[in-house]
Amino acid sequence: MTARPIAVVGASAAGLAAAEALRRFGWRGPLTLIGDEPHLPYDRPPLSKQLLHGAWEPERLLLRTEEQLDPLDLDLRLGTRATGLDVATRTLTLDGGELLDCAGVIVATGVAARTLPGADRIAGVHTLRTLDDALALRGRLAGTGRRLVIVGNGVLGCEAAAVARELGHEVTLVGIGAIPMAEAVGTEVGELLAEEHRARGVQLLTGAVDGFGTTADGADPAGTDDAQITDVRLADGTRLPADLVLLAIGSRPAVEWLADPALDTTDGLRCDAYCAAAPGIYAAGDVARWDHPVHGRPLRFEHRMNATEQGMAAARNLLAELAAEAAAFAPAEPADSTPGQERRAFAPVPYFWSDQYDIKIQAYGLTAGADRVETTVLDRTARRALALYGRGGSAVGVLAAGLPPRQVRALRAVIATPLPWEEARERVRAATAAG
Amino acid sequence: MKITLDADKCCAAGQCVLIAPEVFDQRDEDGVVVLLDAEPPAEQHDAVREAAAICPAAVIEVHA
């Protein structure tokens, strides 16, 4: 019996869920959890909400205390980056040069914020993905009346805009598309959000960023030698004066360390329906692009709920594969299978939420990529609405803003498996008829 | 088993109610979690552990 570990690469929500599930499902061998950030596993959704606002301090974001992690008996490698993976031998290379020969690997390295060329050398231009990012931006938002330009009007940009307005800053939200979050939720829900942002004093602009204006003298208040941002230039020639810029222009899967040709890393690490990228190699969370068995095509979600659920699924399926492998090598031995040790296709009902001002948006299923959206605005001023999303004649997603929880859960049931469009419309009507 | 909640962190996803409806509920006004049974019977324990593991805001703590 070897003592090869299972290694989980990525110590955020998906990696932590995988590590915990590996123990819960019976892995008693060594378990290595590798995270490139120096922090214990923490929760990211509050970064653009409560943490940025200052309502919560970083300790509140910790997903587990050290005491809660202790029973997992982890070989916890924080501040450590995996730099390579040899698929055939399941060997990881770590940034210090160490080779880790593994029984199995779960890749949960997430995504990194996209940036613009040269932006990292301008003081006052930020991205928002990590705790350190959020704290840096929060530090710059101390006081009031800063001119903040947010580039990108997706979920992150919209949430940050809401927080910055609540803190009393002047906020301009610039998107390539005119309607915020339109890609994620459709134009009508997006327009409802736009109305709220405008009512709260956010300036909404359409345009592409062409460059940045900076001080020539490097008079950065933070004391570095970097030039300080003075304005954002748009392609149409507009100059937006800025004390501070947040680039919220999306993310790219953290797969650059995966060079083994046995892996497909086009838009994430490609997996089968079991979250397996190769024998003994699984993936979970924002980085994983897998064949969703219900929707019949490869999908990748940057959603908090998916991180946990997929972490657990990848752990279960990896253990099932390892058990089958062990049985194949020792066929005479009686099957020592823990209950439930069978690979299961990962078929979640996707879920995401967004908080902006007093609005909570909750969505189940697929809302992006719909070829048909039916939005019902229940109360324009209170921003209460629901929307049904269709694709190829089936209803595949639903969204609720300002609906009671019982109705939201009922809406989830409507699209848990794709229904014919008309039938789903009827069921949505029934689910939201009362109250 | 004893359950405690850090309900201030709740993001109202409602997964706990889907998984263990006899133990958890949500407030009508904002969807924040409500604990129906802080010491649920044994047949609920698996569901409660699942709910705690899946909660996207790490609100639910299960004590042995």
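The following exercises, each with a worked solution, concern the structure shown above.

The structure is a predicted model, in which local features need pLDDT of at least 70 and side-chain atom pairs count only at pLDDT 80 or more, while totals for chains, interfaces and linings use all residues. Residues are numbered from 1 along each chain as its sequence is written, and chains are lettered from A and ligands numbered from 1 in the order in which they are written.

**Exercise 1. Describe the make-up and overall form of chain A.**

Step 1. Begin with the elements: chain A has ten helices and 29 strands, where helices (H or I, at least four residues) and strands (E, at least two) are DSSP runs numbered from the N terminus.

Step 2. The radius of gyration of chain A, taken over C-alpha atoms, is 23 Å, and the globule rule (2.2 Å times the number of residues to the power 0.38) gives 22 Å for 435 residues; because these values are close, chain A is as compact as a globular protein of that length.

Step 3. Turn to burial: 46% of the 435 residues in chain A are buried, meaning that 20 or more other C-beta atoms, placed from the backbone, lie within 10 Å of the residue's own.

**Exercise 2. Trace the pairing of strands 4, 5 and 6 of chain A.**

Step 1. Two strands pair if DSSP finds at least two bridges between them; strand 4 (residues 82-86) and strand 5 (residues 91-94) of chain A run antiparallel and are joined by four bridges.

Step 2. Within this pairing, Gly84(A) has Thr93(A) of strand 5 as its bridge partner, and the hairpin has four residues between the strands, with Arg90(A) taking a positive phi near 55°.

Step 3. Strand 5 also pairs with strand 6 (residues 99-101) of chain A, in the antiparallel sense and over three bridges, and here Thr93(A) stands opposite Leu99(A).

Step 4. In the hairpin of strands 5 and 6 of chain A, which has four residues between the strands, Gly97(A) takes a positive phi near 100°.

**Exercise 3. Work out which parts of chain A meet chain B.**

Step 1. Count the contacts: 17 residues of chain A are in contact with 15 residues of chain B, a contact being two residues whose C-beta atoms, placed from the backbone, lie within 7 Å.

Step 2. On the side of chain A that touches chain B, at least two residues each come from helix 1, helix 8, strand 24 (351-356) and helix 9 (405-415) of chain A, and helix 8 gives the largest share, five residues.

Step 3. Look finally at helix 2 (residues 45-54) of chain B, where Val48(B), Ala51(B) and Ala53(B) are buried; the buried residues of this helix pack against elements including helix 1 (13-24) and helix 8 (304-329) of chain A.

Note on methods: Buried ≥ 20, exposed ≤ 12 C-beta atoms within 10 Å, placed from the backbone.
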